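Work through the exercises below with the sequence and the model side by side, and try each task before reading its solution.

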Amino acid sequence: MEDLISAAAKVLSVWLTVVITLIVLPSVFGVSLGISEVYMRILVKTLEWATIRIQKGVKQEQAKTLKNSAFGGIIQRDETTMEKEIAGLHRVDFELSDVFYFSKKGIEVIVEDEVTQRFSSEELVSWNLLTRTNVNFHYISLRLTIVWVLGVLIRYCLLLPLRVTLAAIGIVSMIVGTTLVGQLPNSSTKDWLSELVHLTCSRILVRALSGTITYHNKENRPQKGGICVANHTSPIDVLILTNDECYAMVGQAHGGLMGLIQRSTVKACPHVWFERSEMKDRHLVTKRLREHVAAKNKLPILIFPEGTCINNTSVMMFKKGSFEIGGTIYPVAIKYDPQFGDAFWNSSKYDIVSYLLRIMTSWAIVCNVWYMPPMVREEGEDAVQFANRVKSAIAHQGGLTELSWDGGLKRAKVKDTFKEQQQKNYSKMIVRNGSTGNLSMGAESN
């Protein structure tokens, strides 16, 4: 028994020595030994080979159908206004045939609406040798099956233990480091050490995800006293951004391990954590954020205005609160490559532990981050218009679909105001075309 314990201790010692020497220390100094680059080249070649094998194993017509369904959806919608579509049904101002337009829209939504599909993982055109894939891909060949089995062994027996080890080192370092720095008096030295700890631990945690991140336009990185807003796909969005720049986080205070991390980091960095009761008080939240922005020496605030995770295909409505604070907005677009792993967190289907297990058993997390030129609120522009302008810029830069729907529909029903708005639009169209007047004159003549 003692020999077994001794052997296990030696194996653990060697394992930690290799991990710290080859991964942790290089990440601390912001350098790479090229191991991840070699891994990604092998992975890309393997997935390209698998794609070719799959294409040979399915008929050309099936592949074409799959491609259209993956990118275009079941329903092909024409982006035309209500007035133009109804005008195509008849030549006069009003007819009973107008009901066809609303019936068509209703059937389209029943078959495939453009909101709920944003809360489920996007489908891939080709299998990436992970569990999640299109239902049309089953058994293709013995060779491909053997490669998939080898991939499972590599991901669960090698990558998962390695990533768990790195995650544990990163989290413990974050808690201990920020706690120690938090004991220092407020000074430029404390701020420098705090940023160093946050950057170092974020780099270790990104390595725990086999993260390959490309940052574009670094000259537009958020500056102190500003507000960084980004589209939201996953909780790891925070790690993706803090791997390159330090931010002051804004969010709800939690319990458990997350709460421990929050309480330790706030000692060293001016994060803004709210209790659940405070989050409901929008005015109090806005006040605290304005106080933070007013101090130009504080780190930029990082906010995700959508308020929920969207599946890496779209950008949904930005809450206006972030744009009422004032100050300079620094938009950031984040786009993940789903071929290497699904970063989207479907919180209604998976808890945080299940989600992290899926992330840590994927091939890698590959994404692009675009820093965009700063934006300010224009004269005569209200908070909603400003939010929509920033949202459009992020969607365009990231190649994402822009939607006006509220991400809160993930857990709530459609508000009556949305239905009333469509009724008002139709009423305004009828009144503008003079239908109401014609109907009134006909009634009087009778």
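**Exercise 1. Describe how helices H6 and H9 pack against each other, beginning with the handedness of their crossing.**

The crossing of H6 and H9 is left-handed, a term used when the near helix is turned anticlockwise from the far one by less than a right angle, whereas clockwise would make it right-handed. Helices here (H or I, at least four residues) and strands (E, at least two) are DSSP runs numbered from the N terminus. This is a predicted model, in which local features need pLDDT of at least 70 and side-chain atom pairs count only at pLDDT 80 or more, while totals for chains, interfaces and linings use all residues. Residues are numbered from 1 along each chain as its sequence is written, and side-chain values use heavy atoms, with hydrogens and water left out.

Next comes the geometry: the axes of H6 and H9 come within 7 Å and cross at roughly 35 degrees, where axes are lines fitted to C-alpha atoms, for helices over the stretch in contact, and angles run from 0 to 180 degrees between N-to-C directions.

Last, look for the residues in contact (heavy atoms within 4.5 Å). On the H6 side they include Ile171, Met174 and Ile175, and on the H9 side they include Leu257, Leu260 and Ile261.

**Exercise 2. Check the length of helix H7, and find which elements its buried residues pack against.**

The expected span is 1.5 Å times one less than the number of residues. For the 20 residues of H7 (188-207) this gives 28 Å, and because the end C-alpha atoms are 29 Å apart, the two values agree.

Buried means under 20% relative accessible area, exposed over 50%, and partly exposed in between, with a 1.4 Å probe and protein chains only. Among the buried residues of H7 are Val197, Leu199, Ile204 and Leu205. The buried residues of this helix pack against H1 (2-28), H6 (142-182), E1 (211-216), H8 (237-242) and H9 (256-268).

**Exercise 3. Which strands form the open sheet, and in what order?**

Two strands pair if DSSP finds at least two bridges between them. The open sheet has 7 strands in the order E1-E8-E7-E2-E5-E3-E4, with mixed pairing. E1 and E4 are the edge strands, each pairing on one side only. On average, neighbouring strands of this sheet are turned by 25 degrees against each other, direction ignored.

Now follow some of the pairs:

- E7 and E8 are antiparallel over 5 bridges, and Val332 has Tyr371 in E8 as its bridge partner.
- E2 and E7 run parallel, joined by 4 bridges, with Ile227 opposite Ile329 in E7.
- E3 (248-252) and E5 (301-303) pair in the parallel sense over 2 bridges, and Met249 has Leu302 in E5 as its bridge partner.
- E3 and E4 (272-274) run parallel with 3 bridges, and Gly251 is matched with Trp273 in E4.

Finally, 7 of the 8 residues of E7 are buried, so this strand is largely enclosed by the rest of the structure.

**Exercise 4. Which residues touch the most other members of the largest nonpolar core?**

A nonpolar core is a set of buried Ala, Val, Leu, Ile, Met, Phe, Trp, Tyr and Cys residues joined through side-chain atoms within 4.5 Å. The largest one has 28 residues, of which Leu241, Val332, Tyr336, Ile365 and Val369 touch the most other members. The elements giving two or more residues to this core include H7, H8, E7 and E8, and the largest share, 4 residues, comes from E8.

To look more closely at Leu241, leave out residues up to four places away in sequence: Leu241 then touches Ala230, Tyr247, Leu302, Val332, Ile334 and Val369.
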